[in-house]
Amino acid sequence: MVIFIVYTAIKNKNFLSAGSIANIVSLVAASLPMALGIAGCIVLTGTDLSGGRVVGLTAAVAGALLQDRTISRKLFSNLPAITPGWILLTVLIVVAIGALIGMVNGFFVAKFSLHPFIVTLATQLITYGLILIFFMLNGNNGQPVSGLSQEYKSVVSAPMIQFTTGSGAKISIPWYVLYAVIFVALMWFIWNKTAFGKNMFAVGSNEEAARVSGVNVMATIIGVFMLAGALYGYTGFVEAARLGSSTATLGLNYEADAISAAVIGGVSFVGGTGKISGVILGVFMMQLIISGMTFLGISGNITYIIKGAVILIACILDMRKYMTRK
């Protein structure tokens, strides 16, 4: 990564400019909550393929509830005025939607011992169907949910910090960067300082041993998937405001990026292994790779090849470490 950063900076001096770094930090902050959620599923030796579609559904719901009341074409009419209380309620609604889908995932994984790949693939398709139905409501006919209120966009994307460089360029750090920092601290506390976090690692390491030790395995699995779903819901809330609208395709392949970041950061598919710091590092590395390719003028289509190769190599290295320890 150091060689890649140095090479990219030599080829394009703007790569390490203040504006570029601020943009990378902002993009990392937008991706981090979802990666933190999906990392917990991987700790359980599973995964979650439904995450991207949950982001898409919750982004659509958040956008529809927080459209500007003065525009003529709204998905829902007769909604109350947009106040801080209404924005907070919208956050709770989309987080609850995500947690509910996560509860469904966790229940079927825990109750019927189904592999998370199969369960979350099914809920991915179901959720996408719900998205398509949602975008057809009230004669919307699949059109994007746009015209979002300024209050909504300001809460998420307004500059938290703004400064001017020596060249006169204005650099802004949006509010959702602070929110991401708060989520990192919260997840670190949950993973490292709570009985739930310790149970999660115990179940991921050896489910039967955890059950014999008195851990409520079913509750732990459901809890991990619900927490992941809640983080997807929050991500949807941020994405709609950050992008300025919501479409039926929003969230596509988001789970792939989150899984890539978690695996690069050392969250093992073998189970029971992972650190919050590793997830953060993984998200930064993935974003550096993507941004670096842009600055090098490499086609965006190649990005998918790079992501796939990174996941494959990371999993190979992870398995080699596991076999060596074993």
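Modeller: Before we start, a word on classes: Ala, Val, Leu, Ile, Met, Phe, Trp, Tyr, Cys and Pro count as nonpolar, Asp, Glu, Lys and Arg as charged, and the others, Gly among them, as polar. And keep in mind that this is a predicted model.

Biologist: Okay, how many nonpolar residues are in the lining of the second largest pocket?

Modeller: That pocket holds about 260 Å³ of space. Its lining has 15 residues, and Val263, Ile264, Val310, Ala314 and Leu317 are the closest to its centre. By class, two of the lining residues are polar and two are charged, while the nonpolar ones number eleven.

Biologist: Which helix gives the largest share of that second pocket's lining?

Modeller: H11, H12 and H13 each supply at least two residues there. The largest share is seven residues, and they come from H13.

Biologist: And how much space lies in the largest pocket?

Modeller: Let's start with its walls, which take in 22 residues, with Ser31, Asp257, Gln287, Ile290 and Lys307 lying nearest the centre. Helices H2 (18–43), H10 (217–243), H11 (254–264), H12 (276–295) and H13 (301–325) each bring at least two residues to the lining. The space in this largest pocket comes to about 550 Å³.

Biologist: How many charged residues does the lining of the largest pocket have?

Modeller: Among the residues nearest the centre are Asp257 and Lys307, and Asp and Lys both count as charged. Across the whole lining there are twelve nonpolar and six polar residues, and the charged ones number four.

Biologist: What about closed spaces: which elements give two or more residues to the lining of the largest cavity?

Modeller: A search of the whole structure turns up one cavity of 30 Å³ or more. Leu36, Gly37, Gly40, Met187, Trp191, Met200, Val224, Leu227 and Ala228 line the largest cavity. Two or more of these come from each of H2, helix H7 (175–193) and H10.

Biologist: How many polar residues are in that cavity's lining?

Modeller: Gly37 and Gly40 are both in the lining, and Gly goes with the polar class. The split is seven nonpolar, no charged, and a polar count of two.

Biologist: Now the outside: which helix gives the most to the nonpolar patch?

Modeller: The patch sits on the surface and is made of Val104, Phe107, Phe108, Phe112, Leu114 and Met218, with about 470 Å² of accessible area together. Four residues come from one helix, residues 84–112, and that is helix H4.

Biologist: Why can Phe108 be counted in that patch?

Modeller: Phe108 lies in helix H4. A patch takes residues with over 30% relative accessible area and no salt bridge. Phe108 passes the area cut-off because this residue is partly exposed, with a relative accessible area of 35%.

Notes: Residues are numbered from 1 along each chain as its sequence is written. This is a predicted model: local features need pLDDT of at least 70, side-chain atom pairs count only at pLDDT 80 or more; totals for chains, interfaces and linings use all residues. Side-chain values use heavy atoms; hydrogens and water are left out. Patches are made of residues with over 30% relative accessible area and no salt bridge: like charges are joined within 9 Å, nonpolar side chains (Val, Leu, Ile, Met, Phe, Trp, Tyr) within 5 Å. Accessible areas come from the Shrake-Rupley method with a 1.4 Å probe; for residues, only the protein chains shown count as cover. A salt bridge is a side-chain nitrogen of Lys or Arg within 4 Å of a carboxyl oxygen of Asp or Glu. Buried means under 20% relative accessible area, exposed over 50%, partly exposed in between (1.4 Å probe, protein chains only). On a 1 Å grid over the protein atoms alone, a cavity is a set of points where a 1.4 Å probe fits but cannot get out, and a pocket is an open set with protein on both sides within 12 Å along at least five of seven lines; lining residues have an atom within 4 Å of a point. Grid points are joined across faces, edges and corners, and a volume is the space filled by probe spheres set on the points.
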